[in-house]
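Trainee: I am new to this structure and would like a close look at a single part. Please pick one helix with its surroundings and walk me through it.

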Amino acid sequence: MAVSPKTLVGRLCTVVAVVFVFLTASIYSMPMQQLGIHIPRGGAVLDGVSTALEIVNSTTIPSTKPRGKNRFFFLNRLFQRKNRHTSTRRTVKKQLQQMNEKLEEARRTFLDRMAAVSFTLINQEHDALVLNNGTFFQLDGDDDDIMPQSDLSLPNRRIYIVTTASLPWRTGTAVNPLLRAAYLSRKMKEINTHNQTATTSSQQMVTLVIPWLELEEDRLELYGSSNNFSQPQEQEDYIRDWLRGANMSDEADPVNGLRILFYNARYHSGLKSIFAMGDICAYLTNQTKTEEGTNLSDAVCVLEEPEHLNWYRAPGEGWTKVFGFVVGVVHTNYVEYASGQFHGLWTAPAIHVMSSAMIRAYCHKVIKLSGVLQTYAPEKETCQNVHGVREAFISEGRRRALEASLNCTDSESSSALNEEVGGQVYYIGKLLWAKGFEQMLQLQDFYYECTGKYFKIDVYGSGPEEGEIKRAFHGRRNNNRKVRADGEESDSDADETIFQENLRKIKTIEVPKSRYEYRRKPIPANFCGPVDHSLLGKYKTFINPSTSEVLCTTTFEALAMGKFVIIPVHESNKFFLQFPNCLAYRNKWEFIANLRWALTHEPEPLTPELVKEFTWEAATDRLIKSSAITRREAKARHHLGKAKLDERIAYFHRELGKHDALRRVLGGGPIANQVRYELERQGLEDEHSSDKFSASSFVKAIKTSFINTNLQSSAV
């Protein structure tokens, strides 16, 4: 077959190309030092081909690898960069692996040392289910049986109630623990009287432990000049007189009634709280040494605000080691209060953690007054209202019920009630913005939008923000005339000059604290000052829009008096929803509907069953029931294994507290020098305080564990 010239030329070019590729592969597969030539790149490769061919044909190059493999070495050179990166990654991976091995070894060493420290420290403290003799609760029997150590209804039980405030400071942690102690004393006498094996019922089975402000300036600030007691006996007489006024004469008897003990304390003005000075447990132990037949290891201790009692406590034995059973009653939502401050971003989480640690370490059972409180120790806590109200409020409720039954009328009379009549709605409490006054102003404005008028309200109470709240209700233009510090109105005298009068006005100018102060139309709110709530029987509707409370006492008292109570649907108000006169709202529309219903209707009379829920007798029964630990709960705690954590917290808190520096850093202020206070009270030199922390068992345990670890490492 004849081949065309074009085809021949194409085949010839193909042969030349194949020869060129193989020659180039051979040249690139030879080391350049042996060839003695330089192959140019990027350009004049064809110019050196003839020279390269001559050298290749006349040179014999020794090779350790087969020529077939070396011929394609140029392909490896194309991927030389990739191989270099692969080698680098392998090196980095190997280094990371070695570093991880070293970190793992360091972690194991650290954990071994911490385990040695914990083992050295945890050798005496007993767990929440362990008695002082080191034996566990008997776990055999019915699961619903109550552990005897947690049963407050047993005869001959001695109960100590420790709180953070006392009368005449009328705060919740002063009044409620006092009434709880008085009614528990009455309950213990009844139990011992009906039990034949009990001791004499006239013995003082309940002891109230309250603070004594040892500094006169603290007593003047809290109690006023009219109650400036010079010694604890005078304050005790005041408290017993108050109990007699509450129809509790038997409990006020200093011989057969409630026993009262005082511990030294000081007032922290920055935190607005009272804190103990010295170790309360050591003080109670010394008090009982002189008493025959008294043993704190068999007694029950009720800590009112356990987190508050232990934040800055002096170093000493823990509550669970001194007492056989410890119950904590949590009153205050400190995290909520801290969140409302400018420093709440960091103080609120710190208080959350510290409070949980203190309650977990020093309580066997925790009672939260409502579910609005944080979680402290899930396996220990329960939610129950263990408060009651005084007999004066219940008597007012009975009077209203009797009056309603005597003056029974038809349904038309309810619609004839006039909502325009004043003196029907009121509020009582501390005058603070945190108590829901901003929400109340918003409800007033919404009520005005819907009806064209504000509803009248009387406000009782006092507080540091009273002036701001008054201006928010009345407006700056309509606010009452300013009052000087001496109590006189700021009207100028006849002989004063115009310059002096204007100068005084400039000094009394106050910066607006809220946008509500610029209102043009004032709200018809009367600020009547502080008063006893039991004297306000003329009102029939109580409004409390606050959601910062744990369990609002004034709401409970108003319900006991047989009044309408208008409150928001909130976790803190959950206990009150069971009563028929509680009108709860979820939005502003429901608030208006509830208010108009309350203004045009009469409250429903309380039944005897509902009245009993308000009494302190029922609250005492709820306390006894909530404090009990069943065998089922004891088994669950034992299997959960959180007891060691509680013991570690208690030991670390005690050992770290053996130096005052930590309390100073954490804002202890006037109550920071607990160790120095104890040394001065015992007559020891203050130089011993500097070595207190270094000589503590915590530091000794760390040193011992590290020495043992180093010896083991050197032996290996």
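Mentor: What follows is a walk around helix H10, then outward to other parts of the chain.

First, a word on the source. This is a predicted model. The protein chain has 716 residues, and buried residues make up 44% of them. The chain contains 29 helices and 14 strands. About 38,500 Å² of the chain is exposed, and carbon and sulfur atoms supply 55% of that area. Take contacts between residues at least 6 apart in sequence: 73% of them join residues at least 24 apart. Keep that in mind as we go.

Now to H10. This helix covers residues 280-289. Which of its residues are buried? They are Ile 280, Cys 281, Leu 284 and Thr 288. Around the helix axis these residues cover an arc of only 100°, so they sit on the same side of H10. What do they pack against? Four strands and a helix take part: S1 (159-162), S2 (206-213), S3 (259-268), S4 (273-276) and helix H12 (319-322).

Look next at the start of the helix. Asp 279 caps the N-terminal end of H10. One of its side-chain oxygens lies 3.2 Å from the backbone nitrogen of Cys 281. Cys 281 is also one of the buried residues of H10.

Asp 279 has a second role in this picture. Its side chain meets that of Arg 313 in a salt bridge, 3.2 Å from N to O. The pair links distant parts of the chain, 34 residues apart. Asp 279 is in the loop between S4 and H10, while Arg 313 is in the loop between helix H11 (306-310) and H12. Are these two residues buried or exposed? Both Arg 313 and Asp 279 are buried.

Stay with the loop between H11 and H12. Glu 317 also lies there. Its side chain forms a salt bridge with Arg 654, 3.5 Å from N to O. Arg 654 lies in helix H25 (residues 643-656), so this pair ties together parts that are 337 residues apart in sequence. The two partners differ in cover. Arg 654 has a relative accessible area of 14%, so it is buried. Glu 317 is at 33%, so it counts as partly exposed.

Arg 654 has another partner. Its side chain meets that of Glu 655 in a salt bridge of 3.2 Å, N to O. Glu 655 is buried, as is Arg 654. Salt bridges with shared partners join Glu 317, Lys 321, Arg 654, Glu 655 and Lys 658 into one network. In total, the structure holds 31 salt bridges.

H25 also covers residue 646 by its range, 643-656. There, Asp 646 makes a polar contact of 2.9 Å with Lys 380, side chain to side chain. Lys 380 is in the loop between strand S7 (365-368) and strand S8 (381-383). Its relative accessibility is 2%, so Lys 380 counts as buried.

Go back to S2, one of the strands that H10 packs against. Its range, 206-213, takes in Leu 208. The C-alpha atoms of Leu 208 and Leu 178 are separated by 7.2 Å, though the two are 30 residues apart along the chain. Leu 178 belongs to helix H7 (residues 172-194). At 2% relative accessibility, Leu 178 counts as buried. What does Leu 178 touch beyond four places in sequence? Its contacts are Leu 167, Leu 208, Ile 239, Trp 242, Leu 243 and Leu 258.

H7 holds Asn 176 too. Asn 176 has a relative accessible area of 6%, so it is buried. A polar contact of 3.4 Å joins its side chain to that of His 387. Leaving aside neighbours within four places in sequence, Asn 176 is in contact with His 387, Gly 388, Thr 553 and Trp 616.

End at the surface, for contrast. Val 92, Leu 96, Met 99 and Leu 103 form a nonpolar patch there. Together they have about 380 Å² of accessible area. Leu 96 lies in helix H6 (residues 80-121). With a relative accessible area of 46%, Leu 96 is partly exposed.

Key. Residues are numbered from 1 along each chain as its sequence is written. This is a predicted model: local features need pLDDT of at least 70, side-chain atom pairs count only at pLDDT 80 or more; totals for chains, interfaces and linings use all residues. Side-chain values use heavy atoms; hydrogens and water are left out. Patches are made of residues with over 30% relative accessible area and no salt bridge: like charges are joined within 9 Å, nonpolar side chains (Val, Leu, Ile, Met, Phe, Trp, Tyr) within 5 Å. Accessible areas come from the Shrake-Rupley method with a 1.4 Å probe; for residues, only the protein chains shown count as cover. A salt bridge is a side-chain nitrogen of Lys or Arg within 4 Å of a carboxyl oxygen of Asp or Glu. Helices (H or I, at least four residues) and strands (E, at least two) are DSSP runs, numbered from the N terminus. Buried means under 20% relative accessible area, exposed over 50%, partly exposed in between (1.4 Å probe, protein chains only). The arc is that of the directions from the helix axis to the C-beta atoms. Contact means heavy atoms within 4.5 Å. A polar contact is a pair of N or O atoms within 3.5 Å; within protein, one must be able to donate a hydrogen and the other to accept it, and residues adjacent in sequence count only if both atoms are side-chain atoms.
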